[in-house]
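Me: I would like to go through this model term by term, setting each value against the rule behind it. Please keep the cut-offs explicit as we go.

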Amino acid sequence: MASLESARRHRAYRVVLLLAALGAGIGVLPGAAQAAPNPGVQMNAADMTLLNGVRLAGLWEMPAGQMAAEKGQSARVREVGAEIARQHAVLDQLVVEAANKLGATLPTDPTTEQKGWLTEMQNAKGARFDQIFVTRLRVAHGKIFPVIGAVRASTRDPIVRKLAEDSNKFVNDHMTMLESTGLVRWQQLPPAALPPAQSDSLVAAAAANVGSGVQVSTSVVWAVFLIALGTGGYATWRLRRRS
């Protein structure tokens, strides 16, 4: 009778061990694997590209707009220049406030190329000035526009996300105003830089924007699962031999 009771206890113990092993394996199945959260600021290179790009745009487009307001030949160019300068002052304040919250350092001077554009405008007059102003600003806005969209779609920081949303409205408005002058030379605009259409490009893009979270390989997860099952099975076999 005692031996029968002992055998029952052994069988119950084996079932408990097996269930524990199964639970350990199921707990790390591929479908349940998640990246560890990354608290606090999660800025990356793309976020800083947006901050710097918006700041640099303001540093040269504000004086460019002021020049257009003063020396533009057509009334529409003068009007557009004044409004772009005004709006960039607002956008510049937004990017400075965002950088202060994030602890990021922004540039304080335009790039060498941007300074060259300002010099080019200073030396131009009449219709030539109008054309240079519209061409330079329209191309520059077209370059920053897709950057804003990419950062808005992928950033993990709410401050950067809000800045991207605000910047998108300003830049789209500026392109529309510049186009309203009738001076945009569409054939000279650079072609859109689109990614390949293959689905692999989407996978690569996702892999490039995973941030600093912990990644769990599917093969590793299955290996842990099988080890857990093997451990449970081995423990059961040992108990059966003892009984």
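**Helix H6 and its surroundings**

Reply: The buried residues of H6 are covered by elements that include H2, helix H3 (75–102) and H5, where contact means heavy atoms within 4.5 Å. The model is a predicted one, in which local features need pLDDT of at least 70 and side-chain atom pairs count only at pLDDT 80 or more, while totals for chains, interfaces and linings use all residues. Residues are numbered from 1 along each chain as its sequence is written, and side-chain values use heavy atoms, with hydrogens and water left out.

Me: What makes a run of residues a helix here, and how many helices does the protein chain have?

Reply: Helices are DSSP runs of H or I with at least four residues, strands are runs of E with at least two, and both are numbered from the N terminus. By that rule the protein chain has eight helices and zero strands.

Me: Why is His-174 called buried, and what is Asp-173 called?

Reply: Buried means under 20% relative accessible area, exposed means over 50%, and partly exposed lies in between (1.4 Å probe, protein chains only). His-174, found in helix H6, has 0% relative accessibility and therefore counts as buried, whereas Asp-173, which also lies in helix H6 (residues 158–179), has 31% and so counts as partly exposed.

Me: Which residues is His-174 in contact with, once its neighbours within four places in sequence are left aside?

Reply: His-174 is then in contact with Ile-84, Gln-87, His-88 and His-141. Ile-84 also appears beside Asp-173, since the C-alpha atoms of Asp-173 and Ile-84 are separated by 9.0 Å although the two residues are 89 apart along the chain.

Me: How do you know that the length of H2 agrees with what is expected?

Reply: The expected span of a helix is 1.5 Å times one less than its number of residues. The 27 residues of helix H2 (residues 45–71) should therefore span 39 Å, and the end C-alpha atoms are 38 Å apart, which agrees. H6, with 22 residues, reaches 32 Å from its first C-alpha to its last, close to the 32 Å expected.

Me: What makes Glu-61 the site of a kink in H2?

Reply: The bend at a residue is the angle between axes fitted to the seven residues ending there and the seven starting there. At Glu-61 in H2 the kink is about 30 degrees, and it lies shortly before the proline Pro-63.

Me: Why is the pair of Phe-129 and Phe-133 called stacked?

Reply: Rings of Phe, Tyr and Trp (its six-membered ring) pair if their centres lie within 6.5 Å, and planes under 30 degrees apart count as stacked, over 60 as edge-to-face and the rest as tilted. The count by this rule comes to two aromatic pairs. The ring centres of Phe-129 and Phe-133 are 6.2 Å apart and their planes are at 15 degrees, so this pair is stacked. Both residues lie in helix H5 (residues 126–154), four residues apart, about one turn of the helix, and both are buried.

Me: Why does Thr-155 count as buried, and which contacts does Thr-155 make?

Reply: Thr-155, in the loop between H5 and H6, has 6% relative accessibility and so counts as buried. Leaving aside neighbours within four places in sequence, Thr-155 is in contact with Asp-47, Val-160 and Arg-161.
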